[in-house]
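Visitor: I am new to this structure. Please take me through its nonpolar core, with enough of the surroundings to place it.

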Amino acid sequence: MRKAIRRENNKRYSQDFYLRHKDKKTEYRKSNKKRDQETRQKHQSKLKEIVISHYSDKSMKCQKCGFSDMRALSLDHIDGGGSKHLKEIKTNLYSWVIKNNFPKMFQVLCMNCQWIKRCENNELYGHISDKMIQKYIEEQIGK
Ligand SMILES: [Zn+2]
């Protein structure tokens, strides 16, 4: 009998403790998540800096137009096929490049020059098949 009472008290205490600290716990998780995200972002931008620096001969500029804002610089697959390659490696491109000892298949381009290149090579909508476009159009007409 006493055991049952004790057990009931423990249970009540646990529930009470949980309710009293619920908000604190949520807050702690939230702030850690943010910190975790920040750490990951810092790590990513460091990797990006190393890779962009390597492929731009430390100029940190687009090889085509000279644009130098890091936020819009990225690695371009010189011979195309970038999205297929990204699917294959299943990881972050910058860490893949470092792990694979900076293969000579990339150049640094700004996003503008990348889009222009994709347009010129008809790669812009390559990842969407004609069948998918047709299906989309049919669905829109059907509405
Ligand atoms: Zn450019």
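Guide: Here is the overall layout, followed by the core. This is a predicted model: local features need pLDDT of at least 70, side-chain atom pairs count only at pLDDT 80 or more, and totals for chains, interfaces and linings use all residues. Residues are numbered from 1 along each chain as its sequence is written.

The protein has five helices and two strands. Helices (H or I, at least four residues) and strands (E, at least two) are DSSP runs, numbered from the N terminus. From that end, the order is α-β-α-α-β-α-α. The radius of gyration is 26 Å, well over the 15 Å of the globule rule for 143 residues, so the protein is more spread out than a compact globule. That radius is taken over C-alpha atoms; the rule is 2.2 Å times the number of residues to the power 0.38.

Of the 143 residues, 12% count as buried. Buried means 20 or more other C-beta atoms within 10 Å of a residue's own, with C-beta atoms placed from the backbone.

Now the core. A nonpolar core is a set of buried Ala, Val, Leu, Ile, Met, Phe, Trp, Tyr and Cys residues joined through C-beta atoms within 7 Å. The largest one has 13 residues, and V51, Y55, C62 and V108 touch the most other members. α1 (2–55), β1 (73–77), α3 and β2 (106–110) each supply at least two residues. β2 gives the most, with four.

Look at Y55. Beyond its neighbours within four places in sequence, Y55 is in contact with L75, F106, Q107 and V108. Contact means C-beta atoms, placed from the backbone, within 7 Å.

Methods: Contact = placed C-beta atoms within 7 Å.
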